[in-house]
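Trainee: I've got a new model open and I keep tripping over the vocabulary. Can we go through some of the labels and check why they apply?

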Amino acid sequence: MHLTYRTILPATAMASLAGPALATTVDLSITLPQIKTAEYHRPYVAAWLEQAGQPTGRTVQVWYQQPRPNAREDGTKWLRDLRGWWRKSGRALDLPANGISGATRAPGTHAVSANVGQLPAGAYELVVEAVREDGNRETVRLPIAWNGKAATKAATAKGTIELGAVSAVVKP
Amino acid sequence: MKTKLVAALAAATMLIPAVATAHSPWLKPSATVVSGKEGWVTVDAAASTDVFIADHQPLPFEMMKVTQPDGSAGQVENGMRGKFRSTFDVHLTQPGTYRIGSEMAGVFGSYMLDGKEQRLPRGLAADKLKEAIPAGATDVKIMENAGRNVIFVTLGAPTDTVLKPTGKGLDFAPVTHPDDLVAGEPATFGFLVDGKPAAGIEVKVIPDGRRYRDEQKEESFTTDAKGQVKITWPAAGLYWVQASTSDKNSSIPGATDRRMSFTATLEVLQP
């Protein structure tokens, strides 16, 4: 079975699946909108890859309140408010995670390139979730058909409240 | 959004530290409509970002006052301070409506000392002002901060004694009884400042269950010329209602502004 499966894959995909040295990269662009409010706190944001029917996903990025001296509460307390991510990936992740986790970001467009390890070919969704204190929660989903080759076109989506334009390219 | 902008401007002009608005105080009663010869209610009291979700700080139960239907003072029983919320019970022994809650009257502000701006301690009582401002301080800015945070609980049929306005600060003057609220039926509530109708003030309404929805679902109303708002409740449940305003009529010597809020938790039942 396993052999048959491999033989129907394109040669390039096979190449990318061949060795552990070949990591997959996600080029991600997330726009956080300017929000006019009495009290603005930068949102917590998570991006992860998931597959239909799979209980767990793999985290691409997570931005949250980093430790501050003399803070009454640790920022990790609110990670569970990224509810979709927390269930799919966050609760099983050790933080901080090198290259994955970082500080919250200001409104604007942020481009990041993240290594997600070896990603088997298949149909994925790249999910981006944002939640803001005294604000709302929003999730957008980008379909990703991963065959081991860099897509010629970025997958895109647009949020309406807490997220602006989001785009992603998965590449070897 | 518009109301939030107005609030932002108000906050900026009044030099309110951001943290002062970050956490909403709330009281969560186990019931507001009670039947029988006597009864009990138990109340949770806390301050947090999302109302009714105890995840930040308890409100001291020692601050809570009970006014019984005949106007006399009642008792807070079984007070307990937890990590995130305090709880207390009230024994309802008289038929009619009880008012339960706290009244906060303090000052905030700043002064310059040796070229540096210093803030007055949070929650400072007005009579402690003299000791709080050191000799040599200049540019002293003092603002009064007065807030009420209440619930109404009724044993038997609702009564009005505890609804009488105090005539001081921001008062609640309900036309619809606060323990007679039903989903889909509009309620009319008036607000008074020093006994006079408070026209054009903001009233925020937030339904319970914030964790189980993505949006705040906060609604904002503005009082009309009579100082009244008409609120229609989309569904049964607990609602956090807060009116706030400010003026220059502080009775505290030296205070330039007065910031007032009235907060109530109201229970809306199924029709």
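Mentor: Sure, and remember that this is a predicted model. Let's begin with A:Lys77 and A:Glu73, whose closest N and O atoms are 2.9 Å apart.

Trainee: Why is the pair A:Lys77 and A:Glu73 called a salt bridge?

Mentor: A salt bridge needs a side-chain nitrogen of Lys or Arg within 4 Å of a carboxyl oxygen of Asp or Glu. Here the distance is 2.9 Å, so the pair passes the 4 Å cut-off. Over all chains, the structure holds 21 salt bridges.

Trainee: And what makes A:Lys77 partly exposed?

Mentor: Its relative accessible area is 24%. Buried is under 20% and exposed is over 50%, so a value in between gets the middle label.

Trainee: How do you know that B:Asp127 and B:Lys128 form a salt bridge?

Mentor: Their closest N and O atoms are 3.9 Å apart, and the limit is 4 Å, so that counts too. As for exposure, B:Asp127 has 60% and is exposed, while B:Lys128 has 42% and is partly exposed.

Trainee: What about B:Glu103 and B:Arg148, how far apart are their closest N and O atoms?

Mentor: They are 3.2 Å apart, and the two residues form a salt bridge. B:Glu103 sits in strand 9 (residues 96–113) of chain B and B:Arg148 in strand 11 (residues 138–155) of chain B, so the bridge ties together parts that are 45 residues apart in sequence.

Trainee: Is B:Arg148 buried or exposed?

Mentor: B:Arg148 has a relative accessible area of 8%, and anything under 20% is buried, so that's the label. Its partner B:Glu103 comes in at 52% and counts as exposed, since the cut-off there is over 50%.

Trainee: Which residues are linked in a network of salt bridges?

Mentor: A:Glu50, A:Lys88, A:Glu125 and A:Arg141 are.

Trainee: On to the inside, then. What makes a set of residues a nonpolar core?

Mentor: The members must be buried, come from a list of residue types that includes Leu, Phe and Trp, and be joined through side-chain atoms within 4.5 Å. The largest such core here has 28 residues, and those with the most contacts inside it are B:Leu170, B:Phe189, B:Phe191, B:Trp233 and B:Leu266. Strand 20 (255–269) of chain B is among the elements that give two or more residues to this core. That strand supplies the largest share, 5 residues. There's also a second, separate core of 27 residues, which includes A:Val26, A:Ala47, A:Leu119 and A:Val128.

Trainee: Why would such residues gather like that?

Mentor: In soluble globular proteins, nonpolar side chains tend to be buried together.

Trainee: Which residues is B:Phe189 in contact with, leaving aside neighbours within four places in sequence?

Mentor: Among them are B:Phe172, B:Leu181, B:Val229, B:Ile231, B:Trp233 and B:Leu266. B:Phe189 also stands opposite B:Val229 in strand 18 of chain B.

Trainee: How do you know that strand 14 and strand 18 of chain B pair?

Mentor: There are 4 bridges joining them, and they run antiparallel. Pairing takes at least two bridges, so the requirement is met.

Trainee: What makes the side chains along strand 18 of chain B alternate?

Mentor: B:Val229 and B:Ile231 point to one face and are buried, whereas B:Gln228 and B:Lys230 point to the other and are not. In a regular strand the side chains alternate between the two faces of the sheet.

Trainee: Over in chain A, why are strand 5 and strand 8 called edge strands?

Mentor: The open sheet has 4 strands in the order 5-1-9-8, with antiparallel pairing. Strand 5 (108–115) and strand 8 (155–158) of chain A each pair on one side only, and that earns them the name. The twist averages 15 degrees from one strand to the next.

Trainee: How many bridges join strand 1 to strand 9 of chain A?

Mentor: There are 6. One pair of bridge partners is A:Asp27 and A:Val169.

Trainee: Last one: what makes B:Lys65 exposed?

Mentor: B:Lys65 has a relative accessible area of 56%, and exposed means over 50%, so the label fits.

Key:
Residues are numbered from 1 along each chain as its sequence is written. Chains are lettered from A and ligands numbered from 1 in the order in which they are written. This is a predicted model: local features need pLDDT of at least 70, side-chain atom pairs count only at pLDDT 80 or more; totals for chains, interfaces and linings use all residues. Side-chain values use heavy atoms; hydrogens and water are left out. Buried means under 20% relative accessible area, exposed over 50%, partly exposed in between (1.4 Å probe, protein chains only). Contact means heavy atoms within 4.5 Å. Axes are lines fitted to C-alpha atoms, for helices over the stretch in contact, and angles run from 0 to 180 degrees between N-to-C directions.
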